[in-house]
Amino acid sequence: MAVSRTVALVGALHPAARELALALEDDPEVGRVLGLSRHEPPLLGPKFEFVQAGPGDPAFAGALDGADTLVLFPLVDAADRNEEGRRARVVEGTRRSLEAAAGAATVVVWSSGVVYGAHPGNPVPIPETQPTRPNPEFPAAGVLAESERIALAAGEEPSAPAVVVLRGAGVWAPSWGTFLARSLMAPAMVGVKGQDPPLQCLAPADAVSALVLATSGRLRGVYNVAPDDWVGAREAARAAGRRRLEVSQRVAQTTAERLWRAGMSAATAGELSYQTHPWVLDNARLRQAGWAPTRSSAEAFAEAGAQVPDGMLVGGVQVRRSDVYRGAAAALAMAAAVAVARRQVKAARSARPAT
C-alpha cells in the first residue's frame, strides 16, 4: 500500500520552496504539499494547498497539525535595516514552526554555507565538522546559524523528529535572488586586486534534489549541498560570461559601507568577504547518503549567467537598470568603472605636450 505523506513548507515564497513543491508532485509517497506564507506564492500542482498564515498567526498551528514532514525556509530580508527585529522574527518563526509541527517525523531546515563564515584560514573544502563562524558584518549568516542551532537542539529532545540541516553552497541563479545573484546582475563581477578566491556555484536543480532526499526521512543531522568542485573567481566570471573588475580592498570596502549607510544598497558591506575569502563546501557526506550533483561549478555559473535578463548596457554587459543600484557589488562596479575612466582621462591629459 502506497504511503501518503503530508509535506509542509514554511516560507513558501522562497524560490527553493516553490521548486521543491513542483518536484514533490512526482513523488508517489507524497499525497499533499502545504505551502504556508502570508502571501500566496506562484505555485501550481494538484497536490499543493496554500495556507495564508505565518508563524504566530491563528491558522498557522492548526495547518501544521498532522504534517509528516516540515521544511523550513528562513527568509532573511536584506532590505530590513532593523537587524535585531529581523533576527527576532526569523528565530521566533523557527521556534513556533517546530512547536506547531511537534508531531512531524522529519524536520528539514534549508540553510547556507555562509554560516561557516568566509575566512582566509578556512579549509578547502569545508566539512560539516567545521564549527560555524558567521562573519559578524554579515548579519544574515548569524541569523541562519541561530535558526540551525534551535532546530538541531529540538532534535535532541526525547521523541523528537529527525532534524536535517542542509547547508547550500552559493546559488548564483538570478531567479533565487541571493546576494550572489545580485552581484552577477551587476555591470561586472567585482574582485579585490591580487585575489582569486575559490568559488562554488550550486545549480538550483541540484539544491532541490537534495531537498527531495531530505524530505524522504532517510537523513539526519547536517549536510553540505555543493557541487564536486570549485573554480577561481576569474574563471567563474569567464564561465558566467561576465567581466571581472578588480579594485583595491580599501576602495571596495569603503564604497560598500558608504552605499549601505546612504540607503543606496540593500546589501551590507559584509557580503564582500564571501567573494574574497574561501567558503567552498565538501559534499562527501551527502554523496554517501545517495545524492549527487548534476552540474559542475563552471556549468552552473554558465547557466546562471545565461539567465540574466536583458536591460541597459553598462560597460559592455546587459543589466536591468533597477539592478544596477540594488547590490553592493553592482554599485562597487559602477564606482570602480568611473574611477578607472577618470584615471585614463587623467593619464591621457598628462601625456599631451605642453602648450
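Begin with the whole chain in view: of the 355 residues in the protein, 52% are buried. The model is a predicted one. Coloured by secondary structure, the protein displays 12 helices and 13 strands. A surface representation corresponds to about 15,700 Å² of exposed area, with carbon and sulfur atoms supplying 53% of it. If contacts are drawn between residues at least 6 apart in sequence, 76% of them join residues at least 24 apart.

Next, select residues 106-112, which form strand E5, and residues 139-154, which form helix H4; the loop between E5 and H4 holds Pro125. Display the backbone of Val124 and Pro125: the peptide bond joining them is cis, with omega at about 0 degrees.

Continue past H4 to the loop that leads to strand E6 (162-168), and select Ser159 there. Although Ser159 is not a glycine, its phi is positive, at about 60 degrees. Is Ser159 buried or exposed? Its relative accessible area is 80%, and Ser159 therefore counts as exposed, the threshold being over 50%.

For the last stop, select residues 233-240, helix H7, together with residues 297-306, helix H10; the two pack with their axes 7 Å apart and at an angle of about 45 degrees. Because of that angle, H7 is oblique to H10. The crossing of the two helices, H7 and H10, is right-handed. To inspect the contact, show the side chains of Ala236, Ala239 and Ala240 on H7, and then Ala298, Phe301, Ala302 and Gly305 on H10. Of the residues in this contact of H7 with H10, six are nonpolar, one is polar and none is charged.

Technical notes:
Residues numbered from 1 in each chain as written. Predicted model: local features only at pLDDT ≥ 70, side-chain atom pairs only at ≥ 80, totals over all residues. Heavy atoms only, no water. Axes fitted to C-alpha atoms, helices over the stretch in contact; angles between N-to-C directions. Helix = DSSP H or I, 4+ residues; strand = E, 2+ residues; numbered from the N terminus. Parallel < 35°, antiparallel > 145°, perpendicular 65-115°, else oblique. Left-handed = near helix turned anticlockwise from the far one by under 90°. Contact = heavy atoms within 4.5 Å. Nonpolar A, V, L, I, M, F, W, Y, C, P; charged D, E, K, R; others polar. Buried < 20%, exposed > 50% of the residue type's maximum accessible area, 1.4 Å probe, protein only. Areas by Shrake-Rupley, 256 points an atom, 1.4 Å probe, with all protein chains shown as cover.
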